[in-house]
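Please look over the sequence and the model shown here, and then follow the paragraphs below, which move from the whole chain to its helices and on to single residues.

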Amino acid sequence: MSSVISVKDVSKVYDSGFQALRGVNLDIRRGEIFALLGPNGAGKTTLISIICGIVNATAGQIHAGAFNIVSDYRRARQLIGLVPQELSTDGFESVWATVTFSRGLFGKPKNDAYLEQILRQLSLWDKKDERIMALSGGMKRRVMIAKALSHEPEILFLDEPTAGVDVELRRDMWQMVHGLRERGVTIILTTHYIEEAEEMADRIGVIRRGEIVLVEEKNRLMEKLGQKQLRLQLQQPLSELPADLGGYPLSLTDDGHELVYHYDSQSEHTGIAELFRHLEMHGIDYKDLHSTQRSLEEIFVSLVADSDQPSATVEVEQ
């Protein structure tokens, strides 16, 4: 599948000396939904801002479609719609004036029927003549989405689009995202909601301290949820594992009181029965056992955790 966004060796160092991005390489496939996850300050918004031409990179190159975002800025930017994290709308303008102006700003011909369709999908049609300053926060967020879609972009960036919004808007937004994807629009979203990324994304990327630490197919990543641990509390501690148990995905805790066995719960053959037979052969008795399953949140936190700073926290929808 061809790439619609290509990021090559991109770094960003601000005037203060802070390095927000460190040699980022990333390819976004045409027509996919890509979720970029990371803790606050990881570089998500900086990366999106550079791709959208809002912030200049210190080094590296980015192409949107066939266009370099620096040397062919206008044509690259015409391909992109952006829903920023922060609300920034002209409060005295009406909803209709805002979206029509945004469409014209990108050189698109007048198309009132298309704009009406967008406003209706976002439950904004009955608000089209109201000033934005009079709207609620949720309605203002809807206006930002309408502005981003007004020029019919091929690529849509959603930067924390559902942070602090109501359930109705979240539902409407994801219905629209699915519809856009069916029309071939590429969607890139950042989110703190792990379950949201799990439901929506084709691929998931994780960024930590300005570096991409993982890019993986969502389904492959979800297979890791099938990985379980079987923990056996031993009657007597062991100083080391018997040699013939070395072929098992088995580890001994530092105090020797517990064996930890890793297995795939989705596999037809877990190897647990064979393990128990080998333990019995060696006279290794256990007094208790329990299994735990690694969550996607734990996978994410383990990827972004850093010894020099506290572990990242992630919101998970209930």
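Helices, taken as H or I runs of at least four residues, and strands, taken as E runs of at least two, are read from DSSP and numbered from the N terminus. Counted in that way, the chain has 10 helices and 14 strands. The model is a predicted one, and the chain averages a pLDDT of 86, with 89% of the residues scoring at least 70. One stretch calls for caution, since pLDDT stays under 50 over residues 307-318. For that stretch the model still has 22 contacts beyond four places in sequence, but where pLDDT is low, the predicted coordinates should not be read in detail.

Two figures describe the chain as a whole. Of its 318 residues, 44% are buried, and among the contacts with a separation of 6 or more, 68% are accounted for by residues 24 or more positions apart.

How are two packed helices described? They are described by the angle between their axes and the distance between the axes. Helix α3, residues 95-105, can be followed in this way toward two partners, of which one is helix α4, residues 112-121. The axes of α3 and α4 come within 11 Å and cross at roughly 125°. Angles from 115 to 145 degrees fall among the oblique ones, and α3 and α4 are therefore oblique to each other. Their crossing is right-handed. On the α3 side the contact is made by Val-95, Trp-96, Val-99, Thr-100 and Arg-103, and on the α4 side by Asp-112, Tyr-114, Leu-115, Glu-116 and Leu-119. Sorted by kind, the residues of this contact divide into 6 nonpolar, 1 polar and 3 charged.

The other partner is helix α5, which covers residues 137-149. The axes of α3 and α5 come within 8 Å and cross at roughly 30°. An angle under 35 degrees counts as roughly parallel, and α3 and α5 are therefore roughly parallel to each other. The crossing of α3 and α5 is right-handed. Here Val-95, Thr-98, Val-99 and Ser-102 in α3 meet Val-143, Ala-146 and Lys-147 in α5. The residues of this contact divide into 4 nonpolar, 2 polar and 1 charged. An α-helix has 3.6 residues a turn, so residues three or four places apart point the same way. Val-95 and Val-99 take part in the contact of α3 with α4, and Val-95 and Val-99 also appear in the contact of α3 with α5.

Helix α5 also holds Arg-142. Is this arginine, Arg-142, buried or exposed? Arg-142 has a relative accessible area of 3% and is therefore buried. Leaving aside neighbours within four places in sequence, Arg-142 is in contact with Leu-122, Ser-123 and Leu-124, and also with Asp-166, Glu-168, Leu-169 and Asp-172. In the loop between α5 and β7, the latter spanning 155-159, lies Glu-152. Glu-152 has a positive phi of about 55° although it is not a glycine, and at 36% relative accessibility Glu-152 counts as partly exposed.

Toward the start of the chain, Asp-9 lies in strand β1, residues 3-13. Asp-9 likewise has a positive phi of about 55° without being a glycine, and its relative accessibility of 48% makes Asp-9 partly exposed. Leu-26, in strand β2 of residues 19-29, is 17 residues from Asp-9 in sequence and 8.8 Å from Asp-9 in space, C-alpha to C-alpha. At 7% relative accessibility, Leu-26 counts as buried. Apart from neighbours within four places in sequence, Leu-26 is in contact with Ile-5, Ser-6, Val-7, Phe-34, Leu-47 and Val-215.

One of those contacts, Leu-47, is a buried residue of α1. Helix α1, residues 44-51, is mostly covered, with 7 of its 8 residues buried. Besides Leu-47, the buried residues of α1 include Lys-44, Thr-46 and Ile-48. Just after α1, Gly-53 takes a positive phi of about 80°.

A last stop is Phe-276 in helix α9, residues 272-281. At 27% relative accessibility, Phe-276 counts as partly exposed. Not counting residues up to four places away in sequence, Phe-276 touches Leu-230, Leu-232, Tyr-286 and Leu-289.

Definitions and conventions. Residues numbered from 1 in each chain as written. Predicted model: local features only at pLDDT ≥ 70, side-chain atom pairs only at ≥ 80, totals over all residues. Heavy atoms only, no water. pLDDT = per-residue confidence, 0-100. Contact = heavy atoms within 4.5 Å. Axes fitted to C-alpha atoms, helices over the stretch in contact; angles between N-to-C directions. Parallel < 35°, antiparallel > 145°, perpendicular 65-115°, else oblique. Left-handed = near helix turned anticlockwise from the far one by under 90°. Nonpolar A, V, L, I, M, F, W, Y, C, P; charged D, E, K, R; others polar. Buried < 20%, exposed > 50% of the residue type's maximum accessible area, 1.4 Å probe, protein only.
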